[in-house]
Amino acid sequence: MTSSADVPQPAPRAGRQPATSVAEIGHVALQLFVRNGFAATTVDDIATACGIGRRTFFRYFPSKNDVPWGDFDALVERMREHLAATPPDVPLLDALRAAVIRFNEFPPEEVEYHRRRMELLLSVPTLVAHSTLRYAAWRQVIAEYAARRLGEPEDALRPQVIAWTFLAASLSAYEEWLRREDADLPDLFTSAFAVLDETFRGAGGGR
């Protein structure tokens, strides 16, 4: 694992403009979580470090538990739009694989922030429990698309199995990424989805 020193640290608060975007507030909060621990960091701590009030904080995040997720809802909606724009002749698994890999792309300067974010989401019990609704929203996008392609209801077994399986493959890739400091996340996603391809390609998943 990387040390807390690997996470970019903020300059002193004096002279800085207040953090007033989801990304800016999230970066400051992640730095506090790394330094002080998630449970010990309060909303007031985050707001003070960002140079904003509690009311402003809650305009960006419903709770402290939502901070590590960043702008997740917007990303999920973009994944839905990406899938909707995918040509119908692209095989189902290929379309889902491309959409999920794109969903998990981020610029190089975000690597350490993202690593810390995923460490929190996959290890802090409060956040693991809070993840249930987020994962459900993500799976819903996958199930909706799979259902359209398969001509089945969204809550039918096959779309739901596909959605849960893609989530499991994604989380497996992330857990491997966190275990191996030198690992490349896109390569791990590609490898994880190759397993799905080998398993399902011959069972109607390519439709």
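These are my notebook entries on what I looked up in this structure, which is a predicted model.

**Entry 1: the whole chain**

I began with the secondary structure, and I found that the protein has nine helices and zero strands. Reading along the sequence, I wrote the pattern down as α-α-α-α-α-α-α-α-α. I then looked up how much of the protein is covered, and noted that 44% of its 207 residues count as buried. For the accessible surface I have a value of about 10,700 Å², with 56% of that area belonging to carbon and sulfur atoms. I also looked at how far apart in sequence the contacting residues lie: of the contacts in the protein with a separation of 6 or more, 68% are between residues 24 or more positions apart.

**Entry 2: helices H1 and H2**

Before turning to pairs of helices, I reminded myself that two packed helices are described by the angle between their axes and the distance between the axes. My starting pair was helix H1, residues 22–36, and helix H2, residues 43–50, whose axes come within 9 Å and cross at roughly 125°. With that angle, H1 is oblique to H2. The crossing in which H1 passes H2 is right-handed. Which residues meet here? From H1 I listed Ile25, Val28, Ala29, Leu32 and Phe33, and across from them, in H2, Asp45, Ile46, Ala49 and Cys50. Sorted by class, the residues of this contact of H1 with H2 are eight nonpolar, no polar and one charged.

**Entry 3: helices H5 and H8**

Next I looked up helix H5, residues 92–103, and helix H8, residues 157–179, which pack with their axes 12 Å apart and at an angle of about 45°. Because of that angle, H5 counts as oblique to H8. I noted the crossing of H5 and H8 as right-handed. On the H5 side, the contact is made by Leu92, Leu93, Leu96, Arg97 and Val100, while H8 contributes Ile162, Phe166 and Ser170. I sorted the residues of the contact of H5 with H8 by class as well, and they divide into six nonpolar, one polar and one charged.

**Entry 4: Leu178**

I stayed with helix H8 for one more residue, Leu178, which is found in that helix. Is Leu178 buried or exposed? Its relative accessibility is 7%, and since buried means under 20%, Leu178 counts as buried. Lastly I looked up its position relative to Leu122: the two residues are 56 residues apart in sequence, and their C-alpha atoms are 9.8 Å apart in space.

Conventions. Residues numbered from 1 in each chain as written. Predicted model: local features only at pLDDT ≥ 70, side-chain atom pairs only at ≥ 80, totals over all residues. Heavy atoms only, no water. Axes fitted to C-alpha atoms, helices over the stretch in contact; angles between N-to-C directions. Helix = DSSP H or I, 4+ residues; strand = E, 2+ residues; numbered from the N terminus. Parallel < 35°, antiparallel > 145°, perpendicular 65-115°, else oblique. Left-handed = near helix turned anticlockwise from the far one by under 90°. Contact = heavy atoms within 4.5 Å. Nonpolar A, V, L, I, M, F, W, Y, C, P; charged D, E, K, R; others polar. Buried < 20%, exposed > 50% of the residue type's maximum accessible area, 1.4 Å probe, protein only. Areas by Shrake-Rupley, 256 points an atom, 1.4 Å probe, with all protein chains shown as cover.
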